[in-house]
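Here is a short set of exercises to work through with the structure open beside you. Try each task before reading its solution.

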Protein chains: 2
Amino acid sequence: MTAPIDFYFDFSSPYGFLGSEKIEALAGRHGRTVDWHPILLGVVFRQTGAMPLTEVPLKGAYSRRDFARSAKFHGVEGFRMPSRFPIPTQAAARIVLWTKAHDPSRTAAVVHALYGAFFRADGDISQPDVAAEAAAQGGVDRSAARASVDDPAVKAALKAENERAMTAGVFGSPFTIVDGEPFWGVDRFDQIDRWLSNGGW
Amino acid sequence: MTAPIDFYFDFSSPYGFLGSEKIEALAGRHGRTVDWHPILLGVVFRQTGAMPLTEVPLKGAYSRRDFARSAKFHGVEGFRMPSRFPIPTQAAARIVLWTKAHDPSRTAAVVHALYGAFFRADGDISQPDVAAEAAAQGGVDRSAARASVDDPAVKAALKAENERAMTAGVFGSPFTIVDGEPFWGVDRFDQIDRWLSNGGW
């Protein structure tokens, strides 16, 4: 099968960032492409009762240590925890969905530019102007990207994306679905690799 | 350095079971031994507000799928979800601590026998008689093991073990500490492997 791999992520998720840096090479090794699905994890968390990892007693300190260690383990250069974290990610997610609709060949570049602005350059991409500036580095028009953040059609598209994600069982970031099989976390990429090699197991 | 690796686990944890089947080989490749620390995750969860994975909306169904898939991925034969799950694990944990105190060379065998009884043979090791019978397969005396479950000194040892675990920052199972560095999950074993190879990174 050659269907795209569905990659769900929230821009405020460090493991989502690490996954975003690895997923294309992983998919490409198996002749697959990536369908990028930016979602708002806060909306999903209201369903599961979860909260941001860094705010959980004991887990918070561990997770900050694990983010940095996992970045090194996966060979992702330049990772640093942003000064402001977590952040609302509507602006960044809407710009990605607008890019997918209007200039799909630039979607991956826009995702990488936005994630890099937040997790490498400490840019506060919750601010629409900062997000639009970052997206422009990915090759889209800055002012059109900025306008998309307030576009009712794009807002509706993000709502629909969240609904579809929850229907598909997505509850974390990154969350990858391969031919219907769900994998939660960048730490399942080795299982995805074997799954794609064997066509299941 | 050649200090033992501290391996914390709850007998009701599927990922703890998978980790228990892999940790000795991992440690051994680096000239290390394993110090087994059975804990009661329920006590820890009261601190972190967590609950058993299988009881969380959305995550529950995913986690059952992931347990079986991860067992295959890690090459652990014979895994099956027990009929009764999760279970209280005081009896099994106390028998391990009693074994550590009285016949330490059999500790690993007793851990494997208890975990296998639960996650391979569907034995309800929350029952002291069932746990003692399983432990006997690991080479200790069945009736002495059974008596240890009600021994006030052993009960106190388990309480102390839990306290030490929380002080050390343990909040999940399996939880491995290598020379002070914490690793949560069997999915961090590849990071432990690299950590031990490089002496940190």
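**Exercise 1. Count the salt bridges of this predicted model over all chains, then find which parts of chain A are linked by the pair A:Arg146 and A:Asp129.**

Solution.
- Step 1: Over all chains, the predicted model holds 34 salt bridges.
- Step 2: Now pick out one of them: the side chains of A:Arg146 and A:Asp129 meet at an N to O distance of 2.8 Å. A salt bridge requires the nitrogen to be within 4 Å of the carboxyl oxygen, so the pair qualifies.
- Step 3: Place both partners. A:Arg146 sits in helix H7 (residues 142-148) of chain A, and A:Asp129 sits in helix H6 (residues 128-137) of chain A. They are 17 residues apart, and the pair links distant parts of the chain.

**Exercise 2. Work out what relation connects chain B to chain A.**

Solution.
- Step 1: Lay chain B on chain A: a turn of 180 degrees with a shift of 0.0 Å along the axis does this, at an RMSD of 0.0 Å.
- Step 2: Name the relation: these values are those of a two-fold axis.
- Step 3: Look along the axis. In chain B, the C-alpha nearest to the axis belongs to B:Asp187, at 3.2 Å.
- Step 4: Compare the two contact surfaces. The same surface serves both copies, since 100% of the contact residues of chain B recur in chain A.

**Exercise 3. Describe the interface between chain B and chain A: how much area is buried, and which elements of chain B take part?**

Solution.
- Step 1: Start with the contacts: 31 residues of chain B touch 31 residues of chain A.
- Step 2: Add the area. About 3,100 Å² is buried between the two chains, and carbon and sulfur atoms give 56% of this.
- Step 3: Turn to the polar side. Between chain B and chain A there are eight salt bridges. Among them is B:Arg65 with A:Glu181, whose closest N and O atoms are 2.7 Å apart. The count of residue pairs in polar contact between the chains is 18.
- Step 4: Assign elements. On chain B, two or more residues each come from helix H2 (41-48), helix H3 (59-73), strand S4 (181-184) and helix H9 (189-198). H3(B) gives the largest share, eight residues.
- Step 5: Sort by residue class: the side of chain B that touches chain A has 15 nonpolar, six polar and 10 charged residues.

**Exercise 4. Find where the backbone departs from the usual pattern: which peptide bonds of chain B, at B:Pro86 and B:Pro174, are cis, and what is the phi of A:Asp179?**

Solution.
- Step 1: Recall the background: most peptide bonds are trans, and most residues other than glycine have a negative phi.
- Step 2: Check the bond between B:Phe85 and B:Pro86, which is cis with omega about -10 degrees. B:Pro86 lies in the loop between H3 and helix H4 (90-102) of chain B.
- Step 3: Go on to B:Ser173 and B:Pro174, where the peptide bond is also cis and omega is near -5 degrees. This proline, B:Pro174, belongs to the loop between helix H8 (152-167) and strand S3 (175-178) of chain B.
- Step 4: Finish with A:Asp179, a non-glycine residue with a positive phi of about 50 degrees. A:Asp179 is in the loop between strand S3 (175-178) and strand S4 (181-184) of chain A.

How values were computed. Residues are numbered from 1 along each chain as its sequence is written. Chains are lettered from A and ligands numbered from 1 in the order in which they are written. This is a predicted model: local features need pLDDT of at least 70, side-chain atom pairs count only at pLDDT 80 or more; totals for chains, interfaces and linings use all residues. Side-chain values use heavy atoms; hydrogens and water are left out. Copies are superposed by least squares on the C-alpha atoms of residues with pLDDT of at least 70 in both. Contact means heavy atoms within 4.5 Å. Buried area is the accessible area (1.4 Å probe) that two parts lose on being put together, summed over both. A polar contact is a pair of N or O atoms within 3.5 Å; within protein, one must be able to donate a hydrogen and the other to accept it, and residues adjacent in sequence count only if both atoms are side-chain atoms. Helices (H or I, at least four residues) and strands (E, at least two) are DSSP runs, numbered from the N terminus. Ala, Val, Leu, Ile, Met, Phe, Trp, Tyr, Cys and Pro count as nonpolar, Asp, Glu, Lys and Arg as charged, and the others, Gly among them, as polar.
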